[in-house]
Amino acid sequence: MSRNVFYGRSLTVIEDFSIDERRYFFKKVRQLKDAILAGDEKTLDSFRINDPDFGIYEVFLEDSTRTKESFRNAAKFHHAKVSELMCSSSSINKGESYADTFNMLSGYSNTIFIVRSKVEGLCRYLDEQSRDYTNRNSLPVKPAFINAGDGKHEHPTQELLDEFTFLEDNGMDFSNLHVALVGDLYHGRTVHSKADGLKVFDHVRVDLIAPAELAMPDSYVEKMKENGFEVRSFSSIEEYLKNPDIATKWYFTRPQLERMGERILQKQAELRSSITFRKEFMPLLKEGTKFYHPLPRHKEHPTIPTFLDNTPLNAWERQAINGMYCRIVLLGLIAGSIGEDYDGPVKPEDRSITDEEYIVSVDLSARKDTGKVKNYSEGVHPIDNGIVIDHICKGDSPSEIRAHMRLISSVLGIDEGRGGEWISRGSDGKYKGIIFRPGDYELTRKDLKRLAAVAPHCTLNIIRNGKVEAKFRTHMPPRIYNFDDLCCTNDACVSHPGQGENVSAMFIRTPDGHYACAYCGRFHSYKEIWNRRG
Ligand code: NCD
């Protein structure tokens, strides 16, 4: 069997596959679907895994019909083994960690895990730690993990089938997409995956239709804009239809009541009405409009009413059927039965590794002012020995700067020493903070890394015998990890201490200067990633 670039790969978020890999995937799905419709057994056989040792293991810790059953039927197409963990009676309920549970199952020669859970970032974490397990136990293959939906985070295989259906209706043309996303954009993982997923199209316009309570979280809107999408927002279908430039592709989602708090639930009738399609809207639609839906729709309150089932608007049924074709191809790629003719770029193994230097030592020999300490004093006395951190939070308000100086002191463990903090105002009118700590401080490389993480864009002066002996400028590190006191603010994230999974937090810098959690993707500022809740 061939070993191609897709072999053994996990799909934890849609970005795990490069844009070219995804475009190749869609072409393969097209070929498969054509062969199925034509009954072309020879082509179908060329897709098949046909390996009796190949198995998928379905682990659904949240309910599912389509995702679970389409994967099961896709595995049957491949004549592969299908196992299912009975989650309600498994040892997860006895307090076993996810890592222990999945590691043990991979020891039973399972090749692909299909995992759905409320815990965001679970697949990414399982994928990481299964490498060690595989090595420790000399297993012949490391299992792959497919995220079948993790909380409000992502649903990458749904994203693939959604896009395939859009493409089918575009004549497989990647150049343009104009889509309206309607419904519960706050809780819906299928629409969150679109922020990166739709990058397969060259030019993307997204219209977001949701009342404020169900609006798309800012970080996904920001990501869409960063990815070059044109984004507009509307609070109801009614409001959307008043604008002349409406999309012909409408992607509906259901209000996810099971994820909503009491306060929102009280308003559910009103919220639902703003995202439910009504007969009177029909004449306002553009010719050729199609409706999509990841399903399920609610039997009493469907946002796409059933009177539309028998109209040309109905693309959601074909979309659900496409789910199985997409999953057949995905399994084939990961098992290596197809994919050997792909020759485009591959998604790099770790998108965050970079050797960029973010703690820059300033060459003092080039300076005219001989390193004399004129400005830094310990109260009324100049500092002879010690450290001075300058330019803290330049441009923020004095109260924000003060709060952040407290955090810096705590993170660096310099709370207890002598010295002080103050705020000054430059000739440009901007405030900045300065921390002084007289005394003998020896900062290790790890201390400097912590400083850059909590105080980027600052300078650190190390003063000995009344002179600046060394000076460093800090920049935002590309990754922040390996510190015990980091914490993702999302309590549904696998790395959140409340989940009890013992996963160390890790953050990756985003192009616009945020830190995204490596597991659940939530955006944070560098001030928000430190656990100071005791
Ligand atoms: C979706 C899901 O579970 O995220 N369903 C699906 O997989 N087809 C959407 C939903 O539950 O509303």
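# Exercises on pockets, salt bridges and burial

By class, 13 charged, 16 polar and eleven nonpolar residues make up the lining of the largest pocket. The model is a predicted one, and the exercises below work through its spaces, its charged pairs and a few single residues.

## Exercise 1. The largest pocket

Describe the largest pocket: what is its volume, and which residues lie nearest its centre?

Step 1. The volume of the largest pocket is about 840 Å³.

Step 2. Its lining is made of 40 residues, and those nearest the centre are R189, R254, Q256, E258 and R259.

Step 3. Two or more lining residues come from each of α3 (66–77), α6 (156–169), α7 (189–192), α11 and α13 (316–335). Helix α13 gives the largest share, five residues.

## Exercise 2. Charged pairs at the pocket

Find the salt-bridge partners of R254 and R259, and state where the partners of R259 and R259 itself lie in the chain.

Step 1. R254 and E258, two of the residues nearest the pocket centre, form a salt bridge with an N to O distance of 2.8 Å.

Step 2. Accessibility sets these two apart by class: E258 is exposed at 52% relative accessible area, and R254 is partly exposed at 24%.

Step 3. R259 pairs with E62 at 2.9 Å, N to O. E62 sits in the loop between β1 (55–60) and α3, and R259 in the loop between β8 (249–252) and α11, so this salt bridge ties together parts 197 residues apart in sequence.

Step 4. Buried means under 20% relative accessible area. E62 has 10%, so E62 counts as buried.

## Exercise 3. Salt bridges across the chain

How many salt bridges does a search of the whole structure find, and what does the pair K28 and D341 tie together?

Step 1. The search finds 41 salt bridges.

Step 2. One of them joins the side chains of K28 and D341, at 3.7 Å from N to O. K28 belongs to helix α1 (residues 19–38), while D341 is in the loop between α13 and β10 (359–361), so the pair ties together parts that are 313 residues apart in sequence.

Step 3. K28 is buried, with 10% relative accessible area, whereas D341 is partly exposed, with 47%.

Step 4. For comparison with the E258 and R254 pair at 2.8 Å, consider a network: R30, K33, D34, E168, D169 and R318 are joined into one by salt bridges that share partners.

## Exercise 4. The cavity and R272

Which residues line the largest cavity, and is R272 in a salt bridge or without one?

Step 1. The structure has one cavity of 30 Å³ or more. The volume of the largest cavity is about 40 Å³.

Step 2. Its lining consists of L214, P255, L257, M260, Q268, L271 and R272. Sorted by class, these are five nonpolar residues, one polar and one charged.

Step 3. R272 is placed in helix α12 (residues 268–274). R272 is buried and has no salt bridge. A salt bridge needs a side-chain nitrogen within 4 Å of a carboxyl oxygen, and the nearest side chain of opposite charge, E300, is 8.3 Å away.

Step 4. Leaving out residues up to four places away in sequence, R272 touches P255 and H301. P255 is also among the residues lining the cavity.

## Exercise 5. Two residues on the outside

Classify R263 and P511 as buried or exposed, and give a C-alpha separation for R263 and for P511.

Step 1. R263 is in helix α11 (residues 262–265). Its relative accessibility is 60%, so R263 counts as exposed.

Step 2. R263 and L167 are 96 residues apart along the chain, and their C-alpha atoms are separated by 39 Å.

Step 3. P511 is in the loop between β19 (506–509) and β20 (515–517). With a relative accessible area of 76%, P511 is exposed.

Step 4. P511 and K223 are 288 residues apart along the chain, and their C-alpha atoms are separated by 9.5 Å.

## Exercise 6. The buried side of α15

Which residues of helix α15 are buried, and what covers them?

Step 1. In α15 (residues 445–454), the buried residues are L448, R450, L451, A452, A453 and V454.

Step 2. Their cover includes the strands β10, β13 (386–392), β16 (459–464), β17 (467–474) and β18 (479–481), along with helix α14 (398–412).

Key
Residues are numbered from 1 along each chain as its sequence is written. This is a predicted model: local features need pLDDT of at least 70, side-chain atom pairs count only at pLDDT 80 or more; totals for chains, interfaces and linings use all residues. Side-chain values use heavy atoms; hydrogens and water are left out. On a 1 Å grid over the protein atoms alone, a cavity is a set of points where a 1.4 Å probe fits but cannot get out, and a pocket is an open set with protein on both sides within 12 Å along at least five of seven lines; lining residues have an atom within 4 Å of a point. Grid points are joined across faces, edges and corners, and a volume is the space filled by probe spheres set on the points. Ala, Val, Leu, Ile, Met, Phe, Trp, Tyr, Cys and Pro count as nonpolar, Asp, Glu, Lys and Arg as charged, and the others, Gly among them, as polar. Helices (H or I, at least four residues) and strands (E, at least two) are DSSP runs, numbered from the N terminus. Buried means under 20% relative accessible area, exposed over 50%, partly exposed in between (1.4 Å probe, protein chains only). Lys and Arg count as positive and Asp and Glu as negative; His and the chain ends are not counted. Contact means heavy atoms within 4.5 Å.
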